[in-house]
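This report describes the strands, helices, nonpolar cores and salt bridges of one protein chain. The account begins with a single strand residue and widens from there.

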Amino acid sequence: VEAVHLIADGKAPRIPQPKEGATYEGIQKKANAKISWDQPAAALHNWIRGHDKVPGAWTTIDGQAVTFYGSSLFDASVPTGQELAIKGASRPGLVTKNGLVIFGNDGKMVLVRNLQFEDGKMIPASKYFSADETTALELTEEEKKMAEDIR
């Protein structure tokens, strides 16, 4: 009750909180979330997961910023896949059926499951090279007749 009265009367002591020992981290900005490739795989994984979902850890691939989401440490033999040049990385990534495998400077691997492009489009990392492919729908004669009947 005494503390409430001191506050109400404007007489409560004001002690500024010291900055030493503070644990608050400011809001992360996208510009500060760029991936530094000269790190071991565990540090890359922690960086990507630490920035997942906001603001998203990113790097440059084919001249555009690509954001990585959903990483996990990959402890297996090097999988087969299509190489993907990543700016700043000492070794190209591998687009595999499970996602994008990236390498730390220790030779260990991280698996990234999703990628987001500058335009906001998000794809599974395993579909990186097939993302621009579109297939035309081809109807059989019976389906064409049915479509005409529906029209």
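## Thr60 and strand E1

Thr60 is found in strand E1. The model is a predicted one, and all values below are computed from it. With a relative accessible area of 17%, Thr60 is buried, because the cut-off for that class is under 20%. Once neighbours within four places in sequence are set aside, the contacts of Thr60 are Ile86 and Lys87. Across the strand pair, Thr60 stands opposite Ala65 in E2.

## Strand pairing

Strands E1 and E2 pair in the antiparallel sense, and five bridges join them. The two strands form a hairpin with two residues between them. Within that turn, Asp62 has a positive phi of about 50 degrees.

Strand E2 also pairs with E6: these strands run antiparallel and are joined by seven bridges. Here Ser71 of the pairing stands opposite Val112 in E6. E2 is thus a partner of E1 and of E6.

## Nonpolar cores

The largest nonpolar core contains 22 residues. Those with the most contacts inside this core are Trp37, Phe68, Ile86, Leu100, Ile102, Val112 and Leu115. At least two core residues come from each of helix H2 (41-50), strand E1 (57-61), strand E2 (64-74), strand E5 (99-103) and strand E6 (109-116). Val112, the residue that Ser71 stands opposite, is therefore both a member of the E2 and E6 pairing and one of the core residues with the most contacts, each core member being a buried residue of a nonpolar type.

Which residues does Phe68 contact, leaving aside its neighbours within four places in sequence? They are Ile35, Trp37, Ile48, Ala57, Thr59, Ile61, Leu100, Ile102, Val112, Asn114 and Leu115. Among these contacts, Trp37, Leu100, Ile102, Val112 and Leu115 are also listed with the most contacts inside the largest core. A second core, separate from the largest one, has five residues, including Val101, Phe103, Met109 and Leu111.

## Helix H2 and the loop that follows

In helix H2 the buried residues are Ala41, Leu44, His45 and Ile48. Viewed down the axis of H2, these residues fall within an arc of 100 degrees, so they line one face of the helix. That buried set packs against E1, E2, E5 and E6. Ile48, one of the buried residues of H2, is also among the contacts of Phe68. On the other side of H2, Asn46 and Gly50 are exposed.

His51 lies in the loop between H2 and E1. Is His51 buried or exposed? Its relative accessibility is 7%, so His51 counts as buried. Apart from neighbours within four places in sequence, His51 is in contact with Gln28, Ala33, Gly56 and Ala57. Ala57 is shared with Phe68, whose contacts also include Ala57.

## Salt bridges

How many salt bridges does the model contain? The count comes to four, and three of them are described here. One joins the side chains of Asp52 and Arg49, with an N to O distance of 3.1 Å. Both partners are partly exposed: Asp52 has a relative accessibility of 27%, and Arg49 has a relative accessible area of 43%.

Glu141 forms a salt bridge with Lys144, and the closest N and O atoms are 3.6 Å apart. Because Glu141 and Lys144 are three residues apart in helix H3 (residues 141-150), about one helical turn separates them. Glu141 is exposed, at a relative accessible area of 61%, whereas Lys144 is partly exposed at 42%. A further salt bridge in this helix links the side chains of Asp149 and Lys145 (3.2 Å, N to O). These partners are four residues apart in H3, so their separation is again about one helical turn. Both Asp149 and Lys145 are exposed.

## Annotated span

UniProt, in an unreviewed entry, places the feature "domain: Formyl transferase C-terminal" at residues 29-130. In the model, the end C-alpha atoms of residues 29-130 lie 31 Å apart. The span is 10% helix and 38% strand.

Methods. Residues are numbered from 1 along each chain as its sequence is written. This is a predicted model: local features need pLDDT of at least 70, side-chain atom pairs count only at pLDDT 80 or more; totals for chains, interfaces and linings use all residues. Side-chain values use heavy atoms; hydrogens and water are left out. Buried means under 20% relative accessible area, exposed over 50%, partly exposed in between (1.4 Å probe, protein chains only). A nonpolar core is a set of buried Ala, Val, Leu, Ile, Met, Phe, Trp, Tyr and Cys residues joined through side-chain atoms within 4.5 Å. Contact means heavy atoms within 4.5 Å. Two strands pair if DSSP finds at least two bridges between them. The arc is that of the directions from the helix axis to the C-beta atoms. UniProt positions are given in the numbering used here, feature names are shortened, and annotations may be inferred rather than shown by experiment.
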